[in-house]
Amino acid sequence: MTHSKQIDRINLIVAALVASIAFLVYNSTKAPTLSFWDCGEFIAATVALQIPHPPGSPFYIILGRVFSLLPIAADLAVRINLLSVVSSTFTVFFGYMAISHILRKTLTNDSSILSRLIRYGGASCSALFLAFAYTNWNNAVEAEVYGLSMMLTVAIFWMSLLYWDNKGSQMGERLLHLIFFTAFLGVSVHLSTYLIMPVLAIFVIVKKDVHQKFWYFFSTLFLFELYLIFAMSSRPNEVPYYIPLLLVFIIFLFYIFSFEKIIAHYVYVGIGFMIAVLPIVGDLLVNSDAQRFSSLSKTMYTIGYIGFALLIGFGLYLLFAYLKTKKSGSPNTHQLIAVLFVFVSSLMVLMLYPIHGYDAYVPFLLITAILGTVFLVAFAKDINWLNLIAVASVSLVIIGVKEFVFGMLGGALLIFVLAKTMRLPGWKNALLIILVSMVGYSTHMYIPIRSWENPKMNENNPGNSLQSTIDYIERKQYGSMSMTKRMFIRRAEWTNQFGNHRHMGFWGYFEEQYGLKGQMFIPLFMIGLFGVWEVIRRRASMGLPFLLILFISTVGLVLYMNFADGTRMRSGLDYLEVRDRDYFFTPAFIFFGLAIGTGFAFIIQYVREFFQKQMPAITKPIIFALSVLFLLPVYAYANNFNVVKRINNHIPYDYGWNLLTSADKDAVLFTVGDNDTFTLWCLQDVYGIRTDVAVVNLSLANTSWYIKQLQTNLGVNISWTEDQIDALRPFRDQKGNVYRLDAQVVSEIIKENFNKRPINFSVTVPESKWRFYDRSIDSLMALKGMMWRMTSEGGGPRVMVDSSIAFLSNPERMRLTGINDPAVYKDATTLRLTRNHAVTFMRVARPLIASGEHEKVQKLMERALKEIPHSTDAINFMAEYYVNNTMADSLKQLIETTEYGDKNHLMTKLGVLYYHDSNFTDAEKMFESVLEESPTYKPAFEELMRMYFARKEAMKMRELINVWLLHNPEDSKMKSLLQELEKEIQRFEAEGS
């Protein structure tokens, strides 16, 4: 691209068309208002230029503010959502351009129709797999930082490819500086933008004419570093010895199959690897049937150990053979490469044992420094040292703010000194890398400057001091230990972190991204790997960085994020993740989507080459027919559409509305989580709804900065001085009760505000929070709508029935839009939160039942069942109500109309109702119907047995037990009962005869 005539205008048009498709899809499926989790917080922060949770995402906030001023939608939240739509559209565009560039460099670069078709089709396929990957699409339709972050990430990837081609030219220099400026703008959105820079920085550090072996050695070192983290953070004996052998064996197979003819000693090494990893088969068999295969597994381990020993022995033999050929002046390089595979695999096994736990962090740094030094010395002549200093100094941003600042200053000084003393060329470029990085990072100045003005949302108060700003940017709110150190304290089982565990397992998210799920994903996965492999084989300088980006955004992120699975609670670090964490892996899903389209392009290219040699006359029709493979992203679109689209989804807005409008005028309203807080902030700050209410989040109330803001920012009276707030600590009273800061805040607010302004608790706040120091205030609590209010009357907790009915029955006050609409997708969070509505209906219905106001009960609960049909609590509540009031027809209608709830439970309840109404025939039919569909459902079996016993129908009891035992042969209690029953029947028959 050094000359305008080299621009492929058709390629640009295709890129624009693909991006336009993405835009139309994103725009048509975007949220029509705010969404749950952080979206409400970000919308409120951008519209009013406030300070959200650390690290603040200042560039996102600033750019979001610009979007909020554009007249592109009537709803301000939609304007912020459009920032994600536009950003994600450009992600698709840049993804297309990157893969188009790779294919142009690795496929036949001619202007024939077939060549263009494969290049444009492959790039389009890649970009659309990226576009419709579930997590990326989900981020594209709501107000979150990941859309903008991924746009900048993929733009950097594309620009880095262009830079490598134009390195040394004026355009190359401009691209270089633009890359680092963009990277540090990205850091001001989300640190994940910088994720790929350690890989792509190698383009900047190494000289253009470097030998291909450099790329392989660099990639090996990089992958070994990832493995070091894995090995040194594992517990003793947690990882079987064959895992690292298997990893090396897979890479070894890729390597040897790249040859036309495999050399003999490679075959012997391959056999050694195959025997050494044999225990994996034994472990798989043991997992399926431990008792049957345990001895076989032990045998396989013995064979595996012997194979590993033989592999090491053969490696030593090849080493001596190589040294002998080297002395003779004709060294056999293949022998050395085989030795390296054996040596590296042996070293990786060794690394599993010596050091584990937190203390491994320092040895890891030491090993890394040694390996890095050896690598730099080995390739000293290929390194641009000034650029290396510049890149290393700015990359300290990953460690911390002070390190970054001093690193930049020290790096700039060192570059200047070396340039003047050693007359090294390129010092201006190196200094400009530091300068543009600093300029990009400078958007962080927004944080203290805006915080000084003390906006209503001023999380962590970063403007309080320089140290406060640094702690905020470094996310010290989430713990004093850096995440880099925390990597070495495993918070979950490896199989859960890499596998399919709830809320955090990587593979579980990965296999659901592109439409073809489960076993159907495996071919797609292999095609993606094939695409990367082909790029490596054809142009290592492009393919290996692509591979490393995939590794760092998959394996690297699993290691770095170190998500907890709830299995190691004793460590104090291992709560189960509270929500799905797939969004952290968005870079992996994006880049692998690009790899899939690349794989399809190479497959079609191979087919083309085959037919051109064998049957050239039909080459064109065959390739045109195969081009249908490029349309496979349609599967991703079709399968992800219903679960991603936010069309007509007003549930988060209504959820916040119902809470806020339930509150008393000028109330202090206690909430506890993200979703019952951020939605309220958004409605207040963006839509101006119920700004009289002071929302106090009890999770944040465990921090001193937030307690200080209660009076200054929210106008809540408290008597504590700032020094007293700083001195607050959790304490335990004489009765053993623990008072965290939030409990002390509740008591202080009640003391200073009760009888001056209303005190409200959201229905989402657990009742354990209803305390005034050592006294429960349950007796003072009264439910009104979605709010528990503190009163001066006793006798609680009670329900303000009339006012609550007036609220819950009025669609204008209690808004439940779209909850019962099957076209509006409800994820687990939405289903869980909206059940709070149903629980409130039930709370109001209970006193009505007690007072015999059955007409009001049915009218109230009819709305609950109609509007919140997925609430099994409400379904079971009404089933019990119908049973207690002998309303068989109503219960039957409920069973016939509801799509939710446990049908077996409901039908059993109906059978009980028939039985109590002496309708034995229908009761028997109902119980039998349940058991016919679910022969292991015990409640129906027990009710039918109870009925037969009461009616003294022994023969039916015997028949029923026999059928039960056919399906439940392990039920020893029923076996004993059957024996007793047989004796009684025989005795009865004997007496009768």
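Which helices are included in what covers the buried residues of H12? Helix H11 (242-256), helix H13 (279-288), helix H14 (290-327) and helix H15 (333-350) are among the cover, counted by contact (heavy atoms within 4.5 Å). This is a predicted model: local features need pLDDT of at least 70, side-chain atom pairs pLDDT 80 or more, while totals for chains, interfaces and linings use all residues. Numbering runs from 1 along each chain as its sequence is written, and side-chain values use heavy atoms, without hydrogens or water.

**View 1. The buried side of helix H12 (residues 264-276).** Helices are DSSP runs (H or I, at least four residues), numbered from the N terminus. His265, Tyr266, Val269, Gly270, Gly272, Phe273 and Ala276 are buried (under 20% relative accessible area, 1.4 Å probe, protein chains only; exposed is over 50%, partly exposed in between). They cover an arc of only 160 degrees around the axis, so they sit on the same side of H12 (directions from the helix axis to the C-beta atoms).

**View 2. Salt bridge Asp685–Lys456.** The closest N and O atoms are 3.4 Å apart (criterion: side-chain nitrogen of Lys or Arg within 4 Å of a carboxyl oxygen of Asp or Glu). Asp685 lies in helix H32 (residues 678-685) and Lys456 in the loop between helices H20 (446-452) and H21 (466-473), so the pair ties together parts 229 residues apart in sequence. Asp685 is partly exposed at 23%; so is Lys456, at 32%.

**View 3. Salt bridge Glu984–Arg987.** The closest N and O atoms are 2.8 Å apart. Three residues apart in helix H45 (residues 972-992), the partners are separated by about one helical turn.

Key. Helix = DSSP H or I, 4+ residues; strand = E, 2+ residues; numbered from the N terminus.
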